[in-house]
Amino acid sequence: YSLIRFMDILAHTLWAGAGARVANAIAEKKNSSKQNSPGDEDKKFHVHIGWTAFFGVFPDLFAFTIPFLFRFYLIFIGKNSPSVFFSRTEGGMGGAEDGLDIAHTLYQYSHSLVIWAVVFIIVWIYFKRPRFELLGWILHILIDIPSHLLSFYPTPFLFPISNYKFPYGIQWSNQWFMIINYGTLLLVWGRILIKDLFAKKALKI
């Protein structure tokens, strides 16, 4: 299970990173096709790929880091067996004794489009411009909505306005879903890396 969980985190990171790369490429193409006036450099669209990738996995880090650290602590003091560290609890939640009860609460906040919108607006006001790196966060939520079952951490994307959760999801650990997911990622990143390779060769000519 620990390997599958890692694969899920990796997929979110790769999708967010790919989205940032594609967005930057489109923006660069648009900017190169028009004449720039003084001061336009500061207004050019650019997304930091590393931060976008980080926010692509942030919802899970926010929800599960503290509970898993608590699990590790219980193992360290000998209260739990090491075998339970990556164990999957029924219904997607554990109890206070293994640290996963807090994960359910944190999960609601980090996987909500409503909370994301509030944070995005606050950050926009603070920086006096939109920080598009936060789109990695919303991409994570949008991917999770159809890829989680009601029986295991369904995505509370309307929290706290509504308790509605998408009832027709496919579990992200499903074999066919993982094959399609990583197959698509391979195609997307393959195209990105090939374009980068040709661009570097063109600069050397």
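Helices here are DSSP runs of at least four residues, numbered from the N terminus. With that convention, P160 falls in the loop between α5 and α6. All views come from a predicted model.

**Figure 1. Overview: the protein has six helices and zero strands.**
Reading from the N terminus, the elements run α-α-α-α-α-α. Of the 205 residues, 36% count as buried. Among contacts with a separation of 6 or more, 68% are between residues 24 or more positions apart.

**Figure 2. Close-up of Y109 and F159, an aromatic pair that links distant parts of the chain.**
Rings of Phe, Tyr and Trp are paired here when their centres lie within 6.5 Å. By this rule there are 18 aromatic pairs. In the pair shown, the ring centres of Y109 and F159 are 4.9 Å apart and the planes stand at 80 degrees, so the pair is edge-to-face; planes over 60 degrees apart count that way. Y109 belongs to helix α3 (residues 101-110), while F159 sits in the loop between α5 (135-144) and α6 (175-204), 50 residues apart. The two partners differ in exposure: Y109 is partly exposed, at 39% relative accessible area, whereas F159 counts as buried, at 12%.

**Figure 3. Close-up of F157 and Y164, another edge-to-face pair.**
Here the ring centres lie 6.0 Å apart and the planes meet at 85 degrees, so F157 and Y164 are edge-to-face. F157 is buried, with a relative accessible area of 12%. Y164 is partly exposed, with 41%.

**Figure 4. Close-up of an aromatic cluster and of a charge over a ring.**
Ring pairs connect W51, F54, F55, F58, F62 and W137 into a cluster. Please also look at R131, which lies over the face of F127 at 5.0 Å from the ring centre.

**Figure 5. Close-up of the crossing between α2 and α5.**
Two packed helices are described by the angle between their axes and the distance between the axes. For helix α2 (residues 49-76) and α5, the axes come within 7 Å and cross at roughly 50 degrees. Angles from 35 to 65 degrees fall in the oblique class, and α2 and α5 are therefore oblique to each other. The crossing of α2 past α5 is right-handed. On the α2 side, the contact is made by T52, F55, G56, V57, F58, P59 and D60. On the α5 side, G136, W137, H140 and D144 take part. Readers may recognise F55, F58 and W137 from the ring cluster.

**Figure 6. Close-up of α4 packed with α5.**
Helix α4 (residues 113-127) and α5 pack at an angle of about 175 degrees, and their axes are 10 Å apart. Angles over 145 degrees count as roughly antiparallel, and α4 and α5 are therefore roughly antiparallel to each other. L113, W116 and V119 of α4 make the contact with L135, W137, I138, I141 and L142 of α5. W137 is thus worth a second look, since it also appears among the α5 residues that contact α2.

**Figure 7. Close-up of the buried residues of α3.**
A103, L106, Y107, Q108 and S110 are the buried residues of this helix. What covers them includes α2 and α5.

**Figure 8. Close-up of D8, a buried residue of helix α1.**
D8 has its place in α1 (residues 2-32), and with a relative accessible area of 8% D8 is buried. Leaving aside residues up to four places away in sequence, D8 touches D60, W172 and Y182. D60 is also one of the α2 residues in contact with α5.

**Figure 9. Close-up of backbone features in loops.**
Most residues other than glycine have a negative phi, and most peptide bonds are trans. Here are some exceptions to enjoy. A cis peptide bond joins F159 and P160, with omega about 5 degrees. F159 is also the buried partner of the ring pair with Y109. K128, in the loop between α4 and α5, has a positive phi of about 60 degrees although it is not a glycine. Y153, in the loop between α5 and α6, likewise has a positive phi, near 50 degrees. K128 counts as exposed, at 74% relative accessibility, while Y153 is buried, at 7%.

Conventions
Residues numbered from 1 in each chain as written. Predicted model: local features only at pLDDT ≥ 70, side-chain atom pairs only at ≥ 80, totals over all residues. Heavy atoms only, no water. Phe/Tyr/Trp six-rings, centres within 6.5 Å; stacked < 30°, edge-to-face > 60°. Helix = DSSP H or I, 4+ residues; strand = E, 2+ residues; numbered from the N terminus. Buried < 20%, exposed > 50% of the residue type's maximum accessible area, 1.4 Å probe, protein only. Lys NZ or Arg CZ within 6 Å of the ring centre and 35° of its normal. Axes fitted to C-alpha atoms, helices over the stretch in contact; angles between N-to-C directions. Parallel < 35°, antiparallel > 145°, perpendicular 65-115°, else oblique. Left-handed = near helix turned anticlockwise from the far one by under 90°. Contact = heavy atoms within 4.5 Å.
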